[in-house]
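The exercises below ask you to look closely at one structure and to reason from what you find. Try each task before reading its solution.

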Amino acid sequence: MRLTVIGCSGSYPGPDSPASCYLVEQDWTDEHGETRTWRILLDLGNGALGELHNHVDPLSIDAVFLSHLHADHFMDLCGYYVMRKYHPTGAQPQIPVWGPPGTADRLAVSYDLPLGPGMHEEFDFRTYPLGTFEFGPFTVEAVEVVHPVPAYSLRVTAQEKLLVYTGDCGPCEGLDRAADGADLLLAEAAFCDGDENPEDLHLTGVEVAELAQRAGAGHLVLTHIPPWHDRQIALDEAKSIWDGPLDMARTGATYDL
C-alpha cells in the first residue's frame, strides 16, 4: 500500500499545499488473475484536484472516502463532478463516495444544483456502515470522533498493513480506538500546545505524539497544519514525546507500507 500526500494544509489551501487529500494505492490481482492498481482518495479538499493531476489521472480514482463535510476536506468534489460529467471522452462511470449522512445534498447545494439528480449520476453516495467493509483490496473502517460536525477517523488495511487517518477531531475514545495498531498514523496537529484551544476541535503535536505512543504506531506523520501556524512548532512538540519515525506531511511525499 502506498500513500501519497496530495494536500495537507489545514483549514484552507496554503502557499505550498492544497487542503486535505491523500491518495492511497494498492496493486491487486482479482479472481480472474488480472492485476491492476486500485486508487482511493481520503478527502478531496479545496485546491486538491488540480494537484492530483501531477500524480495520477483523476479519472483513475476508484472511490473517495470523506472524513467530514468541512470545505477543506470535501469541496473539490464539485470540480471532480464537472470533470466526470463533461469530460471530452464522455461522461464517466459512477464511482462510490463514502461520507457522513447528507453528503449528497450538501454537494448539490454547494454547486447550486437541484437535489435531484444533484451529483447522483456521477457519484454513488454511501454512508459508512458500522464496523469494517471491503472495497477492492482495501478493508475500511470509519470510526466516529468528536468535531463540530459528524466526523470520522479512517482505518484502511491492505495486505496486513494498517494506515490510520485521523481526519479532524479532538482527543476522544473513538480516536484512540481508530489509531490502535497503526503501521502509519497520519494525524492532524492543527493546534499548538499551551494555547487556549477550543475543545473537541483539533489536536496538538503533543496530543498526537501521546496518541501514537498509546496506539503503538510504527510511523507518525503530522498533517493539517494551518498556514498561520509554524509547522516546526508542531514537529518539535511531537518530538518532545515521540521518539519513533516522524515526518511532517508535504505535498508529493510518498510512504510505502
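**Exercise 1.** At the start of H7, to within what distance of the backbone nitrogen of Gln232 does a side-chain oxygen of Asp230 reach?

*Solution.* Bear in mind throughout that this is a predicted model. Begin with Asp230 at the start of H7, and follow one of its side-chain oxygens towards the backbone nitrogen of Gln232, where the separation is within 2.9 Å.

**Exercise 2.** Which residues of helix H7 are buried, and why do they line one face of the helix?

*Solution.* First, mark out helix H7, which covers residues 231–239, and pick out its buried residues, namely Ala234, Leu235, Glu237 and Ala238. Next, look down the axis of H7: the buried residues fall within an arc of 160 degrees, and therefore they line one face of the helix. Finally, ask what covers these buried residues; the covering elements include helix H6 (205–215), strand E12 (220–223) and strand E13 (246–248).

**Exercise 3.** Which residues line the largest cavity?

*Solution.* Start with the count, since the structure holds 1 cavity of 30 Å³ or more, and the space in the largest cavity comes to about 40 Å³. Then list the lining, which consists of Ala189, Ala190, Phe191, Cys192, Ile225, His229, Asp230, Ile233, Ala234 and Glu237. Returning to the earlier exercises, Ala234 and Glu237 are among the buried residues of H7, while Asp230 is the residue whose side-chain oxygen approaches the backbone nitrogen of Gln232.

**Exercise 4.** Asp43 and Gln159 each have a positive phi without being glycine; is each one buried or exposed?

*Solution.* Take Asp43, whose phi is about 70 degrees, and locate this residue in strand E3, residues 35–44. Its relative accessible area is 0%, and so Asp43 is buried. Now take Gln159, whose phi is near 50 degrees, and which lies in the loop between strand E9 (151–158) and strand E10 (161–165). Because its relative accessibility is 63%, Gln159 counts as exposed.

**Exercise 5.** Which residues does a cis peptide bond join, and where does Pro117 lie?

*Solution.* The cis bond joins Gly116 and Pro117, with omega at about 5 degrees. To place Pro117, go to the loop between helix H4 (103–110) and strand E6 (123–127).

**Exercise 6.** Which residues does UniProt list for "domain: Metallo-beta-lactamase"?

*Solution.* The unreviewed UniProt entry lists residues 18–219 under that name. In the model, this span is 22% helix and 31% strand, and its end C-alpha atoms lie 23 Å apart.

Notes. Residues numbered from 1 in each chain as written. Predicted model: local features only at pLDDT ≥ 70, side-chain atom pairs only at ≥ 80, totals over all residues. Heavy atoms only, no water. Buried < 20%, exposed > 50% of the residue type's maximum accessible area, 1.4 Å probe, protein only. Helix = DSSP H or I, 4+ residues; strand = E, 2+ residues; numbered from the N terminus. Arc of directions from axis to C-beta. Contact = heavy atoms within 4.5 Å. Polar contact = N/O pair within 3.5 Å; in protein donor to acceptor, adjacent residues only side chain to side chain. UniProt positions renumbered as here; feature names shortened; annotations may be inferred. 1 Å grid on protein atoms, 1.4 Å probe; cavity = no way out; pocket = protein on both sides within 12 Å on 5 of 7 lines; lining within 4 Å. Points joined across faces, edges and corners; volume = space filled by probe spheres on them.
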